[in-house]
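Me: I would like to learn how to read an annotated position together with the fold around it. Could you take me through the structure step by step?

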Amino acid sequence: MHISTFATKLINRESLTGRNGLALFINSSRVYRIVTNSSAVLSSLAELYDSGILDIWGMPSRTGTDILISSQEEESILMSILSSTDRGKSDLMINSSSPNSGDNFLLKVIIPNVKKLLDQQDQHQYNHPPSRVKSSGGFLTWNEYHPLETITEWMENLAKFYPETTTLIKIGESWEGLPMHLMKISAPPSEKEHNSTQKSFQKRGVFIDATIHAREWVTTSVATWVIKELVTDSPSGQGLLDRYDFYIAPILNPDGYRHSWKLNRLWRKSRRSISNWLIACRGVDLNRNFGHEWGGQGASRSSCSSSYRGNAAFSEPETRAVKEWVEKMKGEVDWAAYFTLHSYGQKWMTPWGYTNTVLPRDYREMIRVARIGTRALRAVHGTEYEVGSSSDMLYLAAGGSDDWWTGVVGVTYSYTLELRDTGLWGFLLPSSQIQDTVEETWAGIAASLKAIPTRLV
Ligand SMILES: [Zn+2]
């Protein structure tokens with residue numbers, strides 16, 4: 001079957017088939033990993049991804065491309081990919097225990113039963129109506145994932161309980177009108193500072209965001225953990241509030257996050273509706289919509305693709321809210337560092353995402369600090385991270401937030417962290433791993449912040 005035939009059949013599966021169709025699709029899906037050096041296969045994968053036909057869990061890369069395929073489409077899609085290799089169709093073998101291996105092509109099943117994984121998630125809402133979600137009453141836990149309302153309520157309560165150190169800032173509204181929140185955490189000035197007319201040094205700003213991509217739930221757990229550790233003055237963050245003010249957005253894509261709880265656990269983009277007489281797809285990949293070298297490689301023009309870049313840089317209310325707020329704070333906050341939390345892959349990455357032919361000016365310094373971060377992270381539970389620029393380690397992806405923070409805002413220490421794991425669970429990281437993940441990630445971030453040289457004024 002030719003690729004374009006799939007397109008008509010599969011594009012925007014969700015809106016065509018509705019809730020039951022989607023459930024059916026997920027019930028029979030597996031995740032494959034393709035590892036290949038073949039440029040033909042990689043470009044065939046990139047084409048499938050770009051056109052929105054395949055849900056690739058990350059862009060095609062030589063280190064491995066994970067793709068979600070339902071059993072009904074399995075044979076035809078894999079045939080189509082394999083037909084671009086020299087071996088041709090006769091070589092197709094699909095078996096989790098005996099992958100089709102060769103010099104430059106490996107195909108294996110890494111998640112044989114996606115539905116089973118979804119069911120295993122303790123508090124998973126896929127089969128439960130949202131009304132059964134209990135309110136947190138102001139307390140949050142890190143042994144389960146929490147829906148949007150619980151996290152919003154927790155942040156509102158925190159701002160009430162700790163008025164000296166926290167401020168809840170609404171930076172804008174999502175496409176569906178949900179508030180976008182940023183928690184500012186700032187230590188009140190000490191007696192000494194209060195009395196002295198001249199500060200010894202100025203506090204700098206640290207911006208941390210999570211869940212730009214809806215299905216990457218564990219990133220929100222990390223962001224809320226960081227807020228909790230800082231607000232309760234835990235030893236892990238000791239000294240940091242003397243040097244930095246923190247601005248933390250645990251859910252930058254509230255519409256997508258809500259959708260991932262209500263209907264589709266594996267949703268990635270925002271929820272903007274894009275429709276004309278031909279197509280009716282939803283969502284923009286917000287991490288392809290930021291305005292530094294927007295529209296380059298690795299960002300799709302097709303609105304049905306899961307990496308759809310939008311119709312212009314900052315065309316989306318969510319990315320525009322960040323941009324306008326950061327612009328408003330110009331002169332008020334001296335930004336020291338930016339961390340954007342994603343999953344999965346265990347990678348600590350620097351810009352650039354849009355190109356792999358040039359590196360950022362301060363690349364060596366960025367890597368030095370990143371290595372201090374990953375070393376501290378590994379010391380907690382032994383989790384190994386790779387360090388490098390995102391285009392080198394993963395794939396080209398223009399319009400990412402980290403590129404904008406370095407290229408436009410001018411922040412040297414701008415990092416994308418791909419959290420646990422390396423594909424065993426993928427986006428469906430079990431809640432039993434949340435606690436370890438939040439501890440190690442915060443240890444890494446805290447250590448890297450301590451390694452940034454102090455700027456004297
Ligand atoms: Zn992501």
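Me: Where does UniProt place the feature "active site"?

Reply: The model shown is predicted, and the unreviewed UniProt entry places the "active site" feature at Glu-418, a residue found in strand β15.

Me: Is Glu-418 buried or exposed?

Reply: Burial is judged from relative accessibility, with under 20% as the cut-off; Glu-418 has 8% relative accessibility and therefore counts as buried. Its side chain reaches the backbone nitrogen of Ser-343 at 3.4 Å.

Me: Which strand does β12 join to β15, and how many bridges are there?

Reply: Strand pairing is read from the bridges: 7 of them join β12 to strand β15 (residues 413-419), and these two run parallel, with Ser-414 of β15 as the bridge partner of Tyr-338. Strand β8 (residues 204-210) is also joined to β12, through 6 bridges and again in parallel, and here Ala-210 has Leu-341 in β12 as its bridge partner. Strand β12 itself, residues 335-343, is mostly covered, since 9 of its 9 residues are buried.

Me: In the largest nonpolar core, which residues touch the most other members?

Reply: A core is read through its best-connected members, and in this one, of 58 residues, these are Phe-246, Phe-339, Trp-348 and Leu-449. Helix α8 (residues 217-231) gives the most to this core, with 9 residues. Leaving aside neighbours within four places in sequence, Phe-246 is in contact with residues including Val-206, Ile-208, Leu-230, Trp-442 and Leu-449. Another core, of 23 residues, lies apart from it, and among its members are Leu-286, Phe-314, Val-326 and Val-333.

Technical notes
Residues are numbered from 1 along each chain as its sequence is written. This is a predicted model: local features need pLDDT of at least 70, side-chain atom pairs count only at pLDDT 80 or more; totals for chains, interfaces and linings use all residues. Side-chain values use heavy atoms; hydrogens and water are left out. A nonpolar core is a set of buried Ala, Val, Leu, Ile, Met, Phe, Trp, Tyr and Cys residues joined through side-chain atoms within 4.5 Å. Buried means under 20% relative accessible area, exposed over 50%, partly exposed in between (1.4 Å probe, protein chains only). Helices (H or I, at least four residues) and strands (E, at least two) are DSSP runs, numbered from the N terminus. Contact means heavy atoms within 4.5 Å. Two strands pair if DSSP finds at least two bridges between them. UniProt positions are given in the numbering used here, feature names are shortened, and annotations may be inferred rather than shown by experiment. A polar contact is a pair of N or O atoms within 3.5 Å; within protein, one must be able to donate a hydrogen and the other to accept it, and residues adjacent in sequence count only if both atoms are side-chain atoms.
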